Each structure stands twice: as C-alpha cells, then as structure tokens.
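Grab a pencil and open your favourite viewer. Here's a small set of exercises to work through, each with a solution right below.

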Amino acid sequence: MAIGTAIWVHCILVNSGSIGVTIYTNVSFILDGDLAGTYQHDPDSKEDQYLYNIVVFNRRNLSNTKHTLVMIAEQGTKDSLLLFDWAMYTCVSFVVSAIIR
C-alpha cells in the first residue's frame with residue numbers, strides 16, 4: 001500500500017533457459033480492487049537472456065490517496081514466471097506553515 005499519484009512497476013524478463021524451466025511471463029495487475037492491466041512476454045531466444053528494468057505496468061493521474069497494487073502471475077495454458085525488479089511511485093506532499101503574531 002502506498003499514497004501516491006502514479007506508479008511504475010519494473011520486472012526482469014527471461015528470453016532463454018534450460019528445458020523445463022518456466023520463462024514465459026503473464027501478469028495481471030489489480031489496482032485498488034479492479035483489474036488495471038496485464039502484461040505478457042513471449043521469450044525470444046534471439047534477444048539477451050535477461051532483460052532488466054522493463055516497465056510492465058504504469059498508471060498516472062491517480063488521486064493522492066492510499067492505493068493497493070496486486071500482481072498476479074497468471075497460470076493459463078502455460079506456467080508463468082514473475083520476477084519483480086522494482087517499483088517507483090510519486091506523491092504530492094503538502095507543507096503547511098503558519099505565521100503566529
């Protein structure tokens with residue numbers, strides 16, 4: 001849970017691995033109880049084995065209140081791998097000052 005006006009989620013994606021190792025990524029994002037998006041990555045053996053700092057979800061223009069984001073590795077017709085890397089959120093802070101005379 002975080003108070004903020006925007007959020008970005010970064011994951012590590014995998015393009016190749018040993019036989020039998022799950023490397024497909026299929027993720028759903030639930031923001032404040034509602035489905036807010038999905039992300040899928042089909043491995044590509046022609047690319048680097050690991051891709052870091054990949055933005056898999058972002059949302060801007062949120063109200064500056066408490067938010068809850070849930071990430072779910074979906075298990076559809078094939079297993080799914082979710083390698084969370086990091087997240088960043090922004091918030092608006094208010095500074096109130098008073099002058100007493």
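The exercises go from the whole chain down to single residues.

A word on ground rules: this is a predicted model, so local features need pLDDT of at least 70 and side-chain atom pairs count only at pLDDT 80 or more, while totals for chains, interfaces and linings use all residues. Residues are numbered from 1 along each chain as its sequence is written, and side-chain values use heavy atoms, with hydrogens and water left out.

**Exercise 1. Work out the secondary structure and the overall dimensions of the chain.**

Step 1: Tally the elements. You should get 0 helices and 8 strands, with helices (H or I, at least four residues) and strands (E, at least two) being DSSP runs numbered from the N terminus. Written along the sequence, that's β-β-β-β-β-β-β-β.

Step 2: Check the radius of gyration, taken over C-alpha atoms; the globule rule is 2.2 Å times the number of residues to the power 0.38. The chain comes out at 18 Å, whereas a compact globule of 101 residues would be near 13 Å.

Step 3: Fit a box along the principal axes. The C-alpha atoms fill roughly 75 × 25 × 15 Å.

**Exercise 2. Describe the surface, burial, contacts and charges of the chain.**

Step 1: Start with accessible area (Shrake-Rupley method, 1.4 Å probe; for residues, only the protein chains shown count as cover). The total is about 7,000 Å², and 53% of that belongs to carbon and sulfur atoms.

Step 2: Sort residues by relative accessible area: buried is under 20%, exposed is over 50%, and partly exposed is in between (1.4 Å probe, protein chains only). Buried residues account for 28% of the 101 in the chain.

Step 3: Look at contacts, meaning heavy atoms within 4.5 Å. Of those with a separation of 6 or more, 78% link residues 24 or more positions apart.

Step 4: Place the charges. Lys and Arg count as positive and Asp and Glu as negative, leaving out His and the chain ends; each charge sits at NZ of Lys, CZ of Arg, CG of Asp or CD of Glu. There are 6 positive and 9 negative side chains, and the centres of the two sets lie 15 Å apart.

**Exercise 3. Which strands pair with E2, and how well is E2 covered?**

Step 1: Take burial. Strand E2 spans residues 6-14, and 9 of its 9 residues are buried. Split them by face: Ala6, Trp8, His10, Ile12 and Val14 are on one side, with Ile7, Val9, Cys11 and Leu13 on the other.

Step 2: Find the partners; two strands pair if DSSP finds at least two bridges between them. E2 pairs with E8 (residues 83-90) in the antiparallel sense over 7 bridges, and with E5 (residues 50-59), also antiparallel, over 7 bridges.

Step 3: Pick out a residue pair for each. Trp8 stands opposite Met88 in E8, and His10 has Val55 in E5 as its bridge partner.

**Exercise 4. Compare Met88 and Leu83, two residues of E8.**

Step 1: Check exposure. Met88 has a relative accessible area of 37%, so it's partly exposed; Leu83, at 28%, is partly exposed too.

Step 2: List the contacts, skipping neighbours up to four places away. Met88 is in contact with Ala6, Ile7 and Trp8, while Leu83 touches Cys11, Ile12 and Val14.

Step 3: Take C-alpha to C-alpha distances. Met88 and His10 are 78 residues apart in sequence and 8.4 Å apart in space. Leu83 and Thr5 are also 78 residues apart in sequence, but 24 Å apart in space.

**Exercise 5. Walk through the E3-E4 hairpin, then find a positive phi in E5.**

Step 1: Strand E3 (residues 25-31) runs antiparallel to E4 (residues 34-41), joined by 7 bridges. Phe29 stands opposite Gly37 in E4.

Step 2: The hairpin has 2 residues between the strands, and Asp32 takes a positive phi near 55 degrees there. Asp32 is partly exposed, because its relative accessibility is 39%.

Step 3: Back in E3 you'll find Asn26, which is buried because its relative accessible area is 12%. Beyond four places in sequence, Asn26 touches Tyr39, Gln40, Ile72, Ala73, Glu74 and Ser80.

Step 4: Over in strand E5 sits Asn53. Asn53 isn't a glycine, yet its phi is positive, near 60 degrees. With 46% relative accessibility, Asn53 counts as partly exposed.
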